[in-house]
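Student: Hey, I've got a protein open on my screen and I'd like to walk through it with you. Can we start with the cysteines?

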Amino acid sequence: MHGGHMRAGIALGEAPLRAAGHQLLIPSRPGYGRTPTSAGPTPERFADTTAELCAHLGISSVRAVLGISAGGPAAVALAERHPSLVRSLLLISARSALPFPTGATRLAAHLAFGAHVEPWTWTSVRALLRRYPSLGLRMMLSSLSTSPAHRVMADLSPGEQDELVRLFAAMRSGQGFSIDVRHRLAPDLGRAVQQPALVIASRHDGQVDWRHAEHLHQNICGSLLWPSPSLSHLVWYGSGGDATQRRIEDFLSGL
């Protein structure tokens, strides 16, 4: 379950999982890609739609459901509502039932990603990344980390910087991010989860505050909370990326 501004056709953190031999099913959440909003106006409804998709594909059990960022609530709902399908829950940089986003960030989300403005927002982002890739990348990273953007940039290899430029240039919000922002989640989100669960987040995350990870950990009985050493919301990148990937694989291989 990808986060905001993402769709099934954009890869994020998938290559190491495939290299380890895992098979992945990656749906676009409602409002993203070609998934209509009617597929799930709430995380619970989309969890049910995803379970129906698995049944249609002949998938009776999955090793884990992975929820990233704003995709976290749908992943939690799938684990809660379909325990016979989902064997474990893995949450990465995921939002909880705490308010998200808040303050000026919430206002900016409505202004920049509304239905009539969103295409122009991403057109401007792509133009900046194409003409001034370092400046554009620094601007994007500034909202994803509590650390100075120049420090986050310095922590990335040249290859990772190029990869992130391509990632951001491919993003769109469609109607999906507006739906994510409108969600008001039940405060007991996660309390019905009975499967093994791992919550991964960075204390330097500038997009989803560390308190979300703590809240998920408190709600999900028996869950593990692991602080990624990465410097941003995108925990797969930078000097902490390898340790994060190892922790993910250790969890999956131990199931």
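Student: So how many disulfides does the structure hold?

Tutor: It holds 0 disulfides. Keep in mind that this is a predicted model.

Student: OK, remind me what a disulfide is in general?

Tutor: It's a covalent bond between the sulfur atoms of two cysteines.

Student: Then take Cys-54: buried or exposed?

Tutor: Cys-54 has a relative accessibility of 4%, so it counts as buried. Cys-221 is exposed, with a relative accessible area of 66%.

Student: Does Cys-54 sit with other nonpolar residues, and if so, which core includes it?

Tutor: Let me build up to that with the largest core. The largest nonpolar core has 37 residues, and those touching the most other members are Leu-141, Leu-164, Phe-168, Leu-234, Trp-236 and Ile-248. Several elements give two or more residues to this core, among them strand S2 (89-92), helix H5 (118-131), strand S3 (197-202) and helix H11 (241-253). The largest share, 4 residues, comes from H8. Now to your residue: a second, separate core of 30 residues includes Cys-54, along with Leu-189, Val-199 and Ala-201.

Student: Is there a general idea behind that?

Tutor: Yes: in soluble globular proteins, nonpolar side chains tend to be buried together.

Student: Back to Ile-248. Which residues is it in contact with, leaving aside neighbours within four places in sequence?

Tutor: Ile-248 is in contact with Leu-17, Leu-90, Ile-92, Ile-200 and Trp-236.

Student: Switching to strands: how many bridges join S3 to S4?

Tutor: There are 5 bridges between S3 and strand S4 (residues 224-228), and the two run parallel. For a specific pair, Val-199 has Leu-225 in S4 as its bridge partner.

Student: And what does the chain cross through from S3 to S4?

Tutor: The chain passes through helix H10 (residues 210-219), making a β-α-β crossover that is right-handed.

Student: Cool. New topic: how many salt bridges does a search of the whole structure find?

Tutor: The search finds 5 salt bridges. One of them joins Asp-48 and Arg-81, with the closest N and O atoms 2.7 Å apart. Asp-48 lies in helix H2 (residues 43-56) and Arg-81 in helix H3 (residues 72-81), so this pair ties together parts that are 33 residues apart in sequence.

Student: What about Glu-118, which residue does its side chain meet in a salt bridge?

Tutor: That's Arg-172, at 2.7 Å from N to O. Arg-172 is in the loop between H8 and H9 while Glu-118 is in helix H5, so the pair links distant parts of the chain, 54 residues apart.

Student: Is Glu-118 buried or exposed?

Tutor: Glu-118 is buried, with a relative accessible area of 3%. Its partner Arg-172 is partly exposed, at 33%.

Student: And Glu-14, which residue does it form a salt bridge with?

Tutor: Glu-14 forms one with Arg-18, where the closest N and O atoms are 3.2 Å apart. Glu-14 counts as buried at 8% relative accessibility, and Arg-18 is partly exposed at 45%.

Student: Last one: where is Ser-93 found?

Tutor: Ser-93 is in the loop between S2 and helix H4 (103-112). With a relative accessible area of 2%, Ser-93 is buried.

Student: Which residues is Ser-93 in contact with, beyond neighbours within four places in sequence?

Tutor: Its contacts are Ser-69, Ile-200, Ala-201, Asp-205, Val-208, His-233 and Val-235. Also, the C-alpha atoms of Ser-93 and Gly-71 are separated by 9.6 Å, and these residues are 22 apart along the chain.

How values were computed: Residues numbered from 1 in each chain as written. Predicted model: local features only at pLDDT ≥ 70, side-chain atom pairs only at ≥ 80, totals over all residues. Heavy atoms only, no water. Core = buried A, V, L, I, M, F, W, Y, C linked by side-chain atoms within 4.5 Å. Buried < 20%, exposed > 50% of the residue type's maximum accessible area, 1.4 Å probe, protein only. Contact = heavy atoms within 4.5 Å. Pairing = 2+ DSSP bridges. Right-handed = clockwise from strand over helix to strand, strands pointing away. Salt bridge = Lys/Arg side-chain N within 4 Å of Asp/Glu carboxyl O. Disulfide = S-S within 2.5 Å.
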